[in-house]
Amino acid sequence: MTPSEMPGESSRKLTVSVIICAYTLERWEQMKEALASVVRQELAPLEVFLCIDHNDALYERCLEELRR
């Protein structure tokens, strides 16, 4: 039984937000796969945050390649 099928829960809609933290270009492919995996989930996230920690080069690459 999914949470939305539980008694008393029918009027609620589940939402999910996801935060992915990254700090190095060395894990570029893993970060992209993590992002792709999140949007493929059965319960799609309401929002996805990508937090870049003190890495200007990684931030710029994300802006160039991931911006939609």
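A search of the whole structure finds zero aromatic pairs. What does turn up at an aromatic ring is a charged neighbour: arginine 61 lies over the face of tryptophan 28, at 4.1 Å from the ring centre. These values, like those that follow, were computed from a predicted model.

The overall plan is a friendly place to start. The protein has two helices and two strands, and from the N terminus on these elements run β-α-β-α. Three of them, β1, α1 and β2, make a right-handed β-α-β unit. The strands β1 and β2 run parallel and are joined by six bridges. One of the links between these strands pairs isoleucine 19 with phenylalanine 49 in β2. Of the contacts with a separation of 6 or more, 66% are between residues 24 or more positions apart.

Strand β1 shows a pattern that can be followed residue by residue. Its side chains alternate: Val18, Ile20 and Ala22 point to one face and are buried, whereas Ser17, Ile19 and Cys21 point to the other face and are not buried. For the protein as a whole, 18% of the 68 residues count as buried.

The buried side of β1 leads straight to the interior. The largest nonpolar core has nine residues, namely Val18, Ile20, Ala22, Trp28, Met31, Leu35, Val38, Leu58 and Cys62. At least two residues of this core come from each of β1 (17-22), α1 (28-40) and α2 (56-66). The largest share, four residues, is supplied by α1. Tryptophan 28, the residue whose face lies under arginine 61, is thus met again here as one of the core residues. Isoleucine 20, another core member, touches Ala34, Leu35, Val38, Phe49, Leu50 and Cys51, when residues up to four places away in sequence are not counted.

Strand β2 can be explored through two of its residues. Phenylalanine 49 lies in this strand, which spans residues 47-52. Is phenylalanine 49 buried, partly exposed or exposed? Its relative accessible area is 41%, so phenylalanine 49 counts as partly exposed. Beyond residues up to four places away in sequence, phenylalanine 49 touches Val18, Ile19 and Ile20. The C-alpha atoms of phenylalanine 49 and valine 18 are 6.1 Å apart in space, although 31 residues separate the two in sequence.

Isoleucine 52 is also found in β2. Its C-alpha atom is 6.1 Å from that of cysteine 21, and these two residues are 31 apart in sequence. Leaving aside neighbours within four places in sequence, isoleucine 52 is in contact with Ala22, Leu58, Tyr59 and Cys62. Three of these partners, Ala22, Leu58 and Cys62, appear in the list of core residues as well.

After β2, the chain offers a backbone detail worth a look. Histidine 54 is found in the loop between β2 and α2. What is the phi of histidine 54? The angle is near 55°, a positive value in a residue other than glycine. Most residues other than glycine have a negative phi. Histidine 54 has a relative accessibility of 78% and therefore counts as exposed.

How values were computed: Residues numbered from 1 in each chain as written. Predicted model: local features only at pLDDT ≥ 70, side-chain atom pairs only at ≥ 80, totals over all residues. Heavy atoms only, no water. Core = buried A, V, L, I, M, F, W, Y, C linked by side-chain atoms within 4.5 Å. Buried < 20%, exposed > 50% of the residue type's maximum accessible area, 1.4 Å probe, protein only. Contact = heavy atoms within 4.5 Å. Phe/Tyr/Trp six-rings, centres within 6.5 Å; stacked < 30°, edge-to-face > 60°. Lys NZ or Arg CZ within 6 Å of the ring centre and 35° of its normal. Pairing = 2+ DSSP bridges. Right-handed = clockwise from strand over helix to strand, strands pointing away.
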